[in-house]
Amino acid sequence: MAAESKTKHYVNLFIRYFVLILVGLIMVYPLIWMVGATFKSNSEIFSSIGFIPKNPTLEGYQKAMENYGGTINVWKAMLNTFSYVIPKVIFTMISATVTAYGFGRFQFKGRGILFSILMATLFLPQVVLNVPQFILFTKLGWVDSPLYLPIIVPTLFATDTLFVFQLIQFLRNVPKELDEAAKIDGCNSVQTLVKVIVPMLSPAITSIALFQFMWSSNDFMGPLLYVNTPAKYPLAIFVKLSMDADAGFSWNRILALSLISILPSLIIFFLAQDKFVDGISAGGVKG
Amino acid sequence: MAKKSNAAVAAIPKKKKSFKDICRDNIGFFFVLPWLFGFLVFKLWPMASSLFYSFTDYNLFKGMNVIGTLQNYIDVFTTRKIVTALQVTFKYAFITVPLKLVFALFIAYILNFKIKGVNFFRTAYYIPSILGGSVAIAVLWKAVFRDDGLLNTVLGFFGIAGPSWLSDPDYALFVICLLRVWQFGSAMVIFLAALKGVPQDLYEAAAIDGAGKWRQFFSVTVPIITPVIFYNLVTQLCQAFQEFNGPYIITQGGPRNSTTLISLLIYNSAFKQYDMGMASAMAWVMFVILMIFTIIAFLSQKYWVFYSDEEG
């Protein structure tokens, strides 16, 4: 009886690991294969299923460094990406924290209705907003502006409400006594925010900064609509156009470009993966 | 004495509040003011103007000649291409959302046993979600599903001649769906956090009652995490209806419009033909449909979602 249940236990354990490893392998193998393919020659890429190159070559990377249309290369494109991602991240951190503080800590006239609006905008699809926002930004003369205004400016006003929502959730677990203590010590509400709330929220703020970094660097629609000057192309557009131009023959170059384009995201992810897991768990499970 | 102070308290509201007092009482409003401004300018105003444009023939270059027409909406429901795109979008959402949720829950459930290397597996499953929306992954997908791509090479290894995944209308949508299902990691992480919160003694009680692992899963685990299932369902539904990058980059909506999701048509209509009226009408139809589904989901909550405070 005992032996039987022990066998059953091991069979269960085996099945679990088997499923986990099999599914994991299927999920991750394309990525591993991609890394290998960047070091292969074009004739080798699609001739074998292995990811280790038989005759390793840097040809893909050398060609990936080439200019595109004479005005932009991969490093310039990466710089362009960062030149709007970093302001977006900083502005989101500030505006989302200030908004979450206002909703999470104060009673004021119209709070109820404004909070409902905030929650409703969580479900507002960007697809519906794209067309009228484009018209708005065209009228403002912001489309193709050198400073990526249509991509950056909205983040000054906490337009990514998911982040506000996440911060409000975190803020609920920060004891209100801390605010009151600060008030007794003579802090006004702004000082309380800076000296008490921000330090307490810093793990959550870091988490939304990481998500914003990831999403903004991978965003394709924004730059597709609002960046038309080749010299200002970010990585997402640069990779897409390189693929269209090369379709079919220079796969090692395209895959090398693709890998370079996700490298910053991958590095950030591996450095801070617990933060991502915490952030996404906290957003989903109400505290 | 007490009477006097009561009178004093009662007297305060009668005194006309100065502007400064009003500001002090509503100080929170000033903190949400930037967000409110952003909402009005970047969301409410665009929504309202889009609704207006949808009843016009507004073209970015030709301007606006007809106002107050239903023609766009009539076209949405009578143009074959648009109706097909709506059907394809439904198909896409109804294939990807359940598959993604089932996969995410299943893997999270296995990971929740005392598995060695949980963090390693969690990372492996989560990476695709982090990168999945990027152009780079769409490019990779194209390399995997080409006629002589990775998948067909693998199939060939087993002696199977794989189909033309991307040029056969029967398979192309499947490839696009797979790209989304592949990104089940974020839903899985949310499920995993929820599963960790299920009290152990409930499992023990169920085991004493003779419930096997599967029985425990369906009668203990699932009911307790229904709020999280609901959250994932609604967010995934919203995302699925808006999918754009996959079909735009991998298949350009083809072959024979088999992967033309409604977001792709909206994009083409607005930014290739500059027909802003038509694009707005399509966007609103999509929005209303999505809203109906969301409302149905919210209303259905009382039949299957169990919130702990209701259980008492």
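Here are three short exercises on this predicted model, each with a worked solution. Local features need pLDDT of at least 70, side-chain atom pairs count only at pLDDT 80 or more, and totals for chains, interfaces and linings use all residues. Residues are numbered from 1 along each chain as its sequence is written, and chains are lettered from A in the order in which they are written.

**Exercise 1.** Find out whether Leu265(B) is buried or exposed.

Solution. Start with the rule: buried takes 20 or more other C-beta atoms within 10 Å of the residue's own, exposed 12 or fewer, with C-beta atoms placed from the backbone. Leu265(B) has 26 such atoms within 10 Å, so Leu265(B) is buried. Next, place Leu265(B) in helix α14 (residues 262–271) of chain B, a DSSP run of H or I with at least four residues, numbered from the N terminus.

**Exercise 2.** Work out which residues Leu265(B) touches, not counting those up to four places away in sequence.

Solution. Contact asks for C-beta atoms, placed from the backbone, within 7 Å. The partners are Ile82(B), Ala85(B), Thr260(B) and Met282(B). Now look further along the chain: Ser300(B) is 35 residues from Leu265(B) in sequence, and their C-alpha atoms are 31 Å apart.

**Exercise 3.** Describe how many residues each chain gives to the contact.

Solution. Chain A supplies 71 residues and chain B 74 residues. On the chain A side, helix α1 (residues 2–37) gives the largest share, eleven residues.

Definitions and conventions:
Contact = placed C-beta atoms within 7 Å. Helix = DSSP H or I, 4+ residues; strand = E, 2+ residues; numbered from the N terminus.
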